[in-house]
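The following exercises concern nonpolar packing and strand pairing. Each task is followed by a worked solution.

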Amino acid sequence: MSLFLTTVGLLLVVIGGASATFVGPDDTLVIGEKRVPERAAGLAVRTNPAITKFVNIDLLVRAEAEGGVFLATSHRVDTDSLLGGRRYYEITRMSLGDVGGVVTEGPRATRRTLRPARITGWLDRTTGSPEAELVVPLDGTPLDVVAVPRRARDRVTFTIGATVQGAFWIQVTVAVTGLLMLLAGWGLRRFGRSRSQSAASTDDDAPSDPPEGRDRPASGSPASGAPASGSPSGSLSLPRYPRGMTSDAATPSTAPIVAAPAVAAPAIAAPVIASALLASGATATPTPAEPAADASAPGGADAERKPQWDKRKIILLAVLVPLSFALKGCAVPGAAPETDRVETRTGMTLTEGQELEPDATHVYAPEFVSYPMWALIASGEPRRLRLVTRNRFADRWQTEATVRVRGPLPSTVERAIEPNAALVRRGDEVAWAVQGWWESGEITGVRLDRRTRRIRERLLADGIPVWSIDVAAPPTGTPPVRLVEVAGGHLAVLRHTVVVPGARLRLTTVAHLPTAGRPRLLGTSLAEVS
């Protein structure tokens with residue numbers, strides 16, 4: 001047992017100490033670095049999706065270029081839109097001391113062609129001269145790291161590392177646990193040596209003849225001082241109490257008492273064992289002394305060996321419990337689980353919406369596989385819904401329409417699910433109903449809001465006859481119906497073109513399609529097409 005504790009303890013001390021020294025107090029492990037080749041000078045650098053496909057770990061990325069560098073992280077849908085079909089350097093290989101990649105084909109992706117600092121929607125971004133650094137938490141979200149040098153002739157040096165929170169102290173705990181195991185092994189060896197010495201001393205000091213007042217050996221046994229048949233001459237005969245006698249005050253024993261020397265355990269054993277038992281929920285209770293078991297009795301030998309095994313288990317508990325408690329709350333880093341779900345990106349987050357509308361309260365946006373994208377930004381008082389679109393990640397968000405609404409708005413959902421065929425048909429039915437109402441003034445199955453009625457009334461008051469109003473589909477490339485999931489239903493953004501004598505008007509209608517109940521219009525915008 002002592003050999004096992006010593007061997008394992010030494011191994012843990014070496015591994016834990018070396019790992020703690022390598023990781024350092026900042027919990028960072030540098031995997032490797034790569035300076036892009038000459039033919040990739042001035043090009044953007046991007047990580048391959050396999051580099052960031054991990055969970056429960058923070059990726060440390062450091063980029064360096066002589067003239068300065070732009071470093072950012074983006075969703076994979078955005079990265080594909082920005083760099084798809086262009087020439088850039090892609091980091092495809094990452095192992096300890098070995099980081100490498102390839103140069104793709106296409107038009108050059110440089111700072112001049114990308115203008116990365118002007119793009120909105122980066123998950124995180126920074127700049128530095130000559131070095132910039134980002135720590136990217138990896139949780140399974142498909143994202144990439146992009147570095148762009150400022151000058152066209154600069155070559156980027158890309159360094160990749162990993163940061164695991166608490167890694168340094170975990171390794172220190174491993175080393176300390178190994179040290180405790182070494183001390184436990186040393187204690188067992190010392191304890192065993194002391195017991196052997198005590199047993200040898202007892203055998204040497206034991207009398208060969210029974211003292212006076214003791215019974216003689218029973219009949220059939222050899223007399224004291226005469227060697228027993230079948231036994232070697234001069235063997236020791238240990239004193240025994242006569243039958244019916246005990247070593248109490250009433251019948252004091254005259255046998256010489258040989259006191260075993262006290263064995264002192266290592267000073268650290270008591271607090272370690274007590275701490276382990278307390279940590280595991282056990283409490284220390286005094287145990288009354290019991291008479292020693294007779295080896296000749298049934299199970300006597302096992303009873304003598306059992307306390308030794310219990311001590312070994314306690315020592316194992318003392319050295320393993322601290323390690324298990326240290327690792328108990330640590331999330332295990334590893335590869336992200338495989339999934340069949342298509343990688344999508346929310347059209348716009350609330351943070352992005354507040355960059356366009358500082359007082360934005362809601363952002364309604366579906367999930368997109370690729371560009372173009374759209375979103376509704378709710379803000380202001382009175383309430384406004386701003387419809388914005390973007391064709392590429394490198395483009396700015398464009399305002400397509402602003403609709404004033406009254407009353408409360410539905411809450412957003414964490415992840416909008418793509419509408420099914422039945423919802424699409426329902427949205428088309430509402431769009432046809434709105435088109436018929438603008439042409440005839442009659443509508444069924446849809447509740448109208450007061451503002452929409454007033455807009456049509458003002459149009460007729462300007463001298464436009466009812467029979468001359470023609471409502472057509474929106475321009476080519478503009479979806480007539482856009483749907484986004486909200487709490488308790490969907491919002492529908494309807495687009496029409498209203499043709500009246502001498503003008504073409506852009507009609508934008510926002511309708512709420514509840515899960516149960518009739519659809520209702522929230523607001524309408526009618527603007528002249530320039």
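**Exercise 1.** Determine how many residues the largest nonpolar core has and which elements give two or more residues to this core.

*Solution.* In this predicted model, the largest nonpolar core has 41 residues. Those with the most contacts inside this core are Leu-83, Trp-122, Met-348, Tyr-364, Leu-376 and Leu-385. Next, assign the core to secondary structure: two or more residues come from each of β4 (69–75), α2 (76–83), β9 (143–149), β13 (360–364), β15 (373–379), β16 (384–390), β19 (481–486) and β20 (489–500). Of these, β15 gives the largest share, six residues. A second core, of 28 residues, lies apart from the largest one and includes Ala-40, Ile-57, Leu-71 and Val-136. As background, nonpolar side chains in soluble globular proteins tend to be buried together.

**Exercise 2.** Identify the residues that Met-348 touches, not counting residues up to four places away in sequence.

*Solution.* Taking contact as heavy atoms within 4.5 Å, one finds Gly-353, Leu-356, Val-363, Ala-365, Ala-375, Ile-377, Val-388 and Trp-397.

**Exercise 3.** Establish in which sense β5 pairs with β2 and in which sense with β6.

*Solution.* Begin with β2 (residues 45–47): its pairing with β5 (residues 89–95) is parallel, over three bridges. Here Val-45 has Tyr-89 of β5 as its bridge partner. Turn then to β6 (residues 98–103), with which β5 pairs in the antiparallel sense over six bridges. In this pairing, Met-94 is opposite Val-99 of β6. Finally, inspect the connection: β5 and β6 form a hairpin with two residues between them, and Gly-97 in the turn has a positive phi of about 80°.

Notes:
Residues are numbered from 1 along each chain as its sequence is written. This is a predicted model: local features need pLDDT of at least 70, side-chain atom pairs count only at pLDDT 80 or more; totals for chains, interfaces and linings use all residues. Side-chain values use heavy atoms; hydrogens and water are left out. A nonpolar core is a set of buried Ala, Val, Leu, Ile, Met, Phe, Trp, Tyr and Cys residues joined through side-chain atoms within 4.5 Å. Buried means under 20% relative accessible area, exposed over 50%, partly exposed in between (1.4 Å probe, protein chains only). Helices (H or I, at least four residues) and strands (E, at least two) are DSSP runs, numbered from the N terminus. Two strands pair if DSSP finds at least two bridges between them.
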